[in-house]
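Here are some notes from a look through this one, for whenever you have the model open. They cover the disulfide and then the strand pairing.

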Amino acid sequence: MRFRTAVTSTALAFTATIVPAAVGLGAQAFAACPEVGEVYYSISNGAKDWKATNLRSDYLTGPGAITYTKSATSETNASLTGTTTAEAGAIFAKASVSLGVQVGKSWSKTDSWSYRADVPAGQTKRLQQYKEARKFTVKKTTIVAPCNVKTVWTKNVVAPVKNNNFLWKLTS
């Protein structure tokens, strides 16, 4: 009986030691990855851009001049869609740091606007206001077991810069 107990104990110890190692279930596999479930946003390909606002004149066929004078609220929104408000806030905060300028989901300013441009003969144009913006790529990743990085999505975004830089130009 003692012999059988000793053999059984040795066999159990051998199984508990060798089998997990043989199938890759060592101590590391049983240790939890503390980063599982963490979400990360990375910003890349930042470049200056111009985003159209809601301010524009009527069309004029040249030759002639368009004079735009109006007290109004200029507004534009970022092109980021399909995210929660909290997620968008995190993305714009990360982008502001990465790009070195403050960007946001939206921008507006109430002011008296005045601009004039000449329309060449034979062309039909209108004045359009553009707001300085930043174009960038945002990639959302998460950590999944066993500590692997998974890309959730990648989006291209154009977001208004929180400053007072504008561009007026003739558009078709």
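1. A disulfide here is a pair of cysteine sulfur atoms within 2.5 Å. By that rule the count comes to one disulfide. Bear in mind as you read that this is a predicted model.

2. Which cysteines does the disulfide join? The partners are cysteine 33 and cysteine 147, with S to S at 1.6 Å. The link of cysteine 33 and cysteine 147 is right-handed, with 115° about the S-S bond. This pair ties together distant parts of the chain, 114 residues apart: cysteine 33 belongs to the loop between α2 (27-30) and β1, and cysteine 147 to the loop between β5 and β6.

3. Are the two cysteines buried or exposed? Cysteine 33 counts as buried because its relative accessibility is 16%, and the cut-off for buried is under 20%. Cysteine 147 has a relative accessible area of 40%, so it is partly exposed; that class lies between the buried limit and the exposed one, which is over 50%.

4. Cysteine 147 is worth a second look for its backbone too. The hairpin of β5 and β6 has three residues between the strands, and in it cysteine 147 takes a positive phi near 70°. The hairpin strands themselves, β5 and β6 (residues 148-160), pair in the antiparallel sense over 12 bridges. As a landmark in that pairing, valine 138 has lysine 155 in β6 as its bridge partner.

5. On to β5 itself. How many residues of strand β5 are buried? The strand spans residues 124-144 and is mostly covered, with 16 of its 21 residues buried.

6. β5 also pairs with strand β1 (residues 39-56): 13 bridges join the two, and they run antiparallel. To find your place there, look for alanine 47, which stands opposite lysine 135 in β5. Note that β1 also borders the loop that holds cysteine 33.

7. Two further strands pair with β5. Strand β2 (residues 60-61) does so in the antiparallel sense over two bridges, and leucine 60 has lysine 125 in β5 as its bridge partner. Strand β7 (residues 166-171) is joined to β5 by six bridges, and the two run antiparallel. There, glutamine 129 stands opposite tryptophan 168 in β7.

8. If you only check one spot, I'd make it the loop between β5 and β6. That loop holds cysteine 147, which is joined to cysteine 33 by the disulfide and takes the positive phi in the hairpin.

Terms used:
Residues are numbered from 1 along each chain as its sequence is written. This is a predicted model: local features need pLDDT of at least 70, side-chain atom pairs count only at pLDDT 80 or more; totals for chains, interfaces and linings use all residues. Side-chain values use heavy atoms; hydrogens and water are left out. Buried means under 20% relative accessible area, exposed over 50%, partly exposed in between (1.4 Å probe, protein chains only). Helices (H or I, at least four residues) and strands (E, at least two) are DSSP runs, numbered from the N terminus. Two strands pair if DSSP finds at least two bridges between them.
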